[in-house]
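Have the structure open in your viewer and a selection tool ready. We will go from stop to stop, and at each one you will hear what to select and what is there.

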Amino acid sequence: MATVQCHTARVATSAGTGHSQGFVGRIHELETIRSVVDDARSGRMGALLVSGDAGIGKTRLVEAATATPADGSGADRDGLVLGGACLPLSTMSVPLAPLRAALRRAPPELRPPALSGAASHEVTGGAPVLIDDWLERVCTQQPVVLVVDDLQWADESTLDVLMFVLAGSTDRRLAVLVTLRYGEIGTGHPLNRWLADMRRMPCVSKLSLGPLARHETRDQLAAIHGVTPHESLVTEVFTRSGATPTSTSSSSRHCPPDPVTSVRTCRTT
Ligand SMILES: Nc1ncnc2c1ncn2[C@@H]1O[C@H](COP(=O)(O)OP(=O)(O)OP(=O)(O)O)[C@@H](O)[C@H]1O
Ligand SMILES: [Mg+2]
C-alpha cells in the first residue's frame, strides 16, 4: 500500500505501487474532480463516482487530483484529504473498513473519540449518525475530501454511511470521491441498488474512465523510460496494451525506448 502526501493528512490507497513513474494525461478528468472539490470548498457538498476497468487508472487519478503539488503551491487548497480502501475479503465482512481507515488518518485533535466503538459490530447502527456528525463538525472548520477506493468490495455498512452522509445537509464543505471497478459487479450485487439510488441524488455525479489516448501512452512511456520513446514503440505498446496504463507499464518494462531494438524486443516478450 502506497502513501501520497496530501494537504493536511496522508492518504493511503491500494494503488500507486510505484511501477509507473509520473502522471500523464487525464486533463479533463482532473478538472472534473477538482471542480467537485472546489464546489465543496465553496459549501456545495458533492460526490463523484470514478468508474472503469481494472488498471485503467482510477486510484491514480484520484491520488493525482488530491495530492499536494511538489512545489507546495497547492498547500491547504483542498483542506483535509482522508482516504481508505475497501478490501476484497472473502470469509468475513469488516464493518466500515474504509471509513475507519480514512478517519484514523485525521489529525489526532480532530479524530472522532468514539470511532473504534462506532465501527464495532455492537453499535454499527449508530455509525451513520456518528460519522455524519463528525463530518459536519470538521467541515465547519475546513473542507474535507473523503476518498473511498475500490467500492466494489465495500461492506454494506460503509454503503449505508455514505448514503446517509450524502443525503444530509448539502451545504457542507465535503467532497466524496469514490472509485469503482465495474467488472466486479455482477447481477444481484448489493452495490447495484446502491448505485441506482446514488445516481438519483443531485449532489452525485459520475466519471467513467477509458483508455489513455495514444499521445498519453507516449507520455507514459517517456515517464517510465526517462526519454522520448520511438514512435514504433509507442505504436507497439499502444496496440498491445489497449492503452490501459497498467498494461502499458508492464508491457514496456521489457522494451527499450530506442528505435533499433524496441519493436523486435517487444515482439519477443
Ligand atoms: N494517468 C496515468 N499516468 C501514469 N501512470 C498511470 C496513470 N494512470 C494509471 N497509471 C498507472 O497504472 C497502474 C494502474 O493504475 P491504478 O492502480 O490507478 O488503476 P485502477 O483503475 O485503480 O486499478 P484497480 O481496478 O486494480 O484498482 C498504476 O501503476 C498507475 O501508476
Ligand atoms: Mg484502484
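Before we start, one term: helices (H or I, at least four residues) and strands (E, at least two) are DSSP runs, numbered from the N terminus. With that in hand, select Asp-150, which lies in the loop between β5 and α6. Please keep in mind along the way that this is a predicted model.

**Stop 1: two loop residues**

Stay on Asp-150 for a moment. Its phi is positive, about 60°, although Asp-150 is not a glycine. Is Asp-150 buried or exposed? Asp-150 is buried, because 22 other C-beta atoms lie within 10 Å, and the cut-off for being buried is 20 or more.

Now move to Leu-96, in the loop between β4 (80-85) and α3. Leu-96 is not a glycine either, yet it has a positive phi of about 65°. Leu-96 has 24 C-beta neighbours inside 10 Å, so it counts as buried.

**Stop 2: the whole protein**

Zoom out and show the cartoon. You should find 11 helices and seven strands. Of the 269 residues in the protein, 41% are buried. Take the contacts between residues at least 6 apart in sequence: 76% of them join residues at least 24 apart.

**Stop 3: α1 and α2**

Select residues 27-41 for helix α1, and add α2, which is residues 58-66. The two helices pack at an angle of about 60°, with their axes 9 Å apart. That angle is why α1 is described as oblique to α2. The crossing of α1 past α2 is right-handed. To see the contact, show side chains for Glu-29, Leu-30, Ile-33 and Arg-34 of α1, together with Leu-61, Val-62, Ala-64 and Ala-65 of α2. By class, the residues of this contact of α1 with α2 are six nonpolar, no polar and two charged.

Keep α2 selected. How many of its nine residues are buried? Eight of the nine are, so helix α2 is mostly covered. The buried residues of α2 are Lys-58, Thr-59, Arg-60, Leu-61, Val-62, Glu-63, Ala-65 and Thr-66.

**Stop 4: α5 and α6**

Next, select residues 127-141 for helix α5 and residues 156-166 for helix α6. Their axes are 9 Å apart and the packing angle is about 45°, which means that α5 is oblique to α6. Here too you can look for the handedness: α5 passes α6 in a right-handed crossing. On the α5 side, the contact is made by Ala-127, Pro-128, Ile-131, Asp-132 and Leu-135. On the α6 side, select Ser-157, Asp-160, Val-161, Phe-164 and Val-165. The contact of α5 with α6 has seven nonpolar, one polar and two charged residues.

Now colour the buried residues of α6: Ser-157, Thr-158, Leu-159, Val-161, Leu-162 and Val-165. What covers them? The cover includes α3 (97-104), α5, β5 (144-149), β6 (174-181) and α7 (190-199).

**Stop 5: the nonpolar cores**

Show Val-50, Val-144, Leu-146, Leu-174, Leu-177 and Val-178 as sticks. These are the residues with the most contacts inside the largest nonpolar core, which has 50 residues. Centre the view on Leu-174: leaving aside neighbours within four places in sequence, Leu-174 is in contact with Ala-40, Met-45, Leu-135, Cys-139, Val-144 and Leu-146. Another core, of eight residues, lies apart from the largest one; among its members are Ile-224, Leu-233, Phe-238 and Ala-243.

**Stop 6: α8 and α9**

Select residues 214-225 for helix α8 and residues 231-241 for helix α9. They pack at an angle of about 110°, and their axes are 9 Å apart. At that angle, α8 is roughly perpendicular to α9. The contact is made by Arg-214, Thr-217, Arg-218 and Leu-221 of α8 and Leu-233, Val-234, Val-237 and Phe-238 of α9. Five nonpolar, one polar and two charged residues make up this contact of α8 with α9.

**Last stop: Ser-251**

Finish in helix α10 (residues 245-251), where you will find Ser-251. Ser-251 is buried, because 20 other C-beta atoms lie within 10 Å. Beyond neighbours within four places in sequence, Ser-251 is in contact with Val-237, Arg-240 and Ser-241. For a final distance label, pick the C-alpha atoms of Ser-251 and Glu-236: these residues are 15 apart along the chain, and the atoms are separated by 9.6 Å.

Definitions and conventions. Residues numbered from 1 in each chain as written. Chains lettered and ligands numbered in written order. Predicted model: local features only at pLDDT ≥ 70, side-chain atom pairs only at ≥ 80, totals over all residues. Axes fitted to C-alpha atoms, helices over the stretch in contact; angles between N-to-C directions. Parallel < 35°, antiparallel > 145°, perpendicular 65-115°, else oblique. Left-handed = near helix turned anticlockwise from the far one by under 90°. Contact = placed C-beta atoms within 7 Å. Nonpolar A, V, L, I, M, F, W, Y, C, P; charged D, E, K, R; others polar. Core = buried A, V, L, I, M, F, W, Y, C linked by C-beta atoms within 7 Å. Buried ≥ 20, exposed ≤ 12 C-beta atoms within 10 Å, placed from the backbone.
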